[in-house]
Amino acid sequence: MPDTPTTTTGEPAAGGQPAPDRTTTGATIELEGLTKRYPGSGTAAVDNVSMEIAAGEIVILVGPSGCGKSTTLRMINRLIEPTSGRITINGEDVTRMDPVRLRRKVGYAIQSSGLFPHMTVAQNIALVPRMVGWSKSRTKERVAEMLDLVGLDPGEFRGRYPRQLSGGQQQRVGVARALAADPPVLLMDEPFGAVDPITRDHLQDELIRLQHELHKTIVFVTHDFDEAIKLGDRIAVLREQSHIAQFDTPEAILTHPADDFVSGFVGAGAALKRLNLTRVRDVGITDYPTVSLDDPLQHIFDRLRSEKTNELLLLDRKRRPYKWLRRGDLTLAKGSLARAGTLVHDTVTRDATLRDALEAVLTDNAGRVAVTGRRGEYEGVVDMETLMNSVHELLEEDRLDALENQHELAESRRSRTELAQEGGFGEGSS
């Protein structure tokens, strides 16, 4: 982890001021025999944990309360000092680094954002860049860039204080602050645990989108197995003392849990949980007839009469889904768009899972949900038929897998029986 950010060519910027590194991606992390013992405790909180994490990978630590997953995470940036063991980031032993310098190079996002209440949004995001010596102009540009990256308008949010933000907005700013100095590693300790379920889904989608752009190495702690499936490239299911029960891809854990302990985390409905492995972008997104608030009323009337569907999607002036309009709505509302139609309550992004989309469709009870971009702009619609086809495909895959497993088990039993008979241990042997 070099001290001085570089340009895309690897050279310092002109005038001695480091330029933003647009090519920075994740770093490898290796834990070797990592152990934490607290004074007076008879057992280790974390006992001899070893793990290799690839650059650009999202690894989720999931396990029961008190198993040591947060302690393991915090030892990576030495907020908790390990008792023994070794931690390397890109091959550099961080247990020998100055811990303050280390923490400036590892992004850290926690539950409830952890923003400083007396600082504005801009001041919170600028904190680490200023600590590492960035110029005022570069820091200001970075604040605007990070706010835009997490889907917040810099002009609107830069001067606000945390108390003036919603919970979801605070978490977005918290992620922006963690990424502001462009660290290769981002540690996240149950960052979405304190927000409502709908906001949590959107924040998860936002993290997936950011990772597509940034390719950081992310270590993420959660107690929610569904969240682990949705976000993780790999999941480490931890027992007490952070002993690893299984460290594998979400699909492998869902289809082949290592033991009863892991099966307990998977729970019932493994086939439906696999809906968290497929994104909306992987299925068919269809276009839908739309009109805008700026369109003349007569144009909207004409579209409602001429379209094959009996419904239009009304977009606001920023092209965000606003209302569903049906034939007769404008007549009943006496030509007023303010009183006509049904407000759009739920939308999904392309990075939402099929499970998110299915829940939104069922909640809306109208057989479709609008798909939006990073600023909420309309991109298309995904419908119930498409989602149910995907569910049926997953169920059919599971059925075929089950038949194959039964066939393999039968073949194995037949082979053992034949072997026993050849050895004189079959039926009728003396």
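**Briefing: largest pocket and a three-stranded sheet**

The largest pocket has a lining of 33 residues, and those nearest its centre are Gly151, Arg172, Arg374, Arg375 and Gly376. This is a predicted model. The space in this pocket comes to about 1100 Å³. Strand β15 contributes at least two residues to the pocket lining and also belongs to an open sheet with β16 and β17.

**Pocket lining**

- Charged residues number 16 in the lining of the largest pocket, alongside twelve polar and five nonpolar ones.
- Four elements supply at least two lining residues each: α5 (154-157), α6 (167-179), α7 (197-214) and β15 (347-349).
- Helix α7 gives the most, with seven residues.

**Sheet**

- Strands of a sheet pair through backbone hydrogen bonds, either parallel or antiparallel.
- Here three strands run in the order β15-β16-β17, with mixed pairing, and the sheet is open.
- β15 and β17 (378-383) are the edge strands, each pairing on one side only.
- From one strand to the next, the twist averages 40 degrees.
- Five bridges join β16 (residues 368-372) to β17, and this pairing is antiparallel.
- Alanine 370 has valine 381, in β17, as its bridge partner.

**Helix across the sheet**

- Helix α14 (residues 354-364) lies across all three strands, β15, β16 and β17.
- The helix α14 runs at about 130 degrees to β16.

Conventions:
Residues are numbered from 1 along each chain as its sequence is written. This is a predicted model: local features need pLDDT of at least 70, side-chain atom pairs count only at pLDDT 80 or more; totals for chains, interfaces and linings use all residues. Side-chain values use heavy atoms; hydrogens and water are left out. On a 1 Å grid over the protein atoms alone, a cavity is a set of points where a 1.4 Å probe fits but cannot get out, and a pocket is an open set with protein on both sides within 12 Å along at least five of seven lines; lining residues have an atom within 4 Å of a point. Grid points are joined across faces, edges and corners, and a volume is the space filled by probe spheres set on the points. Ala, Val, Leu, Ile, Met, Phe, Trp, Tyr, Cys and Pro count as nonpolar, Asp, Glu, Lys and Arg as charged, and the others, Gly among them, as polar. Two strands pair if DSSP finds at least two bridges between them. Axes are lines fitted to C-alpha atoms, for helices over the stretch in contact, and angles run from 0 to 180 degrees between N-to-C directions. Contact means heavy atoms within 4.5 Å.
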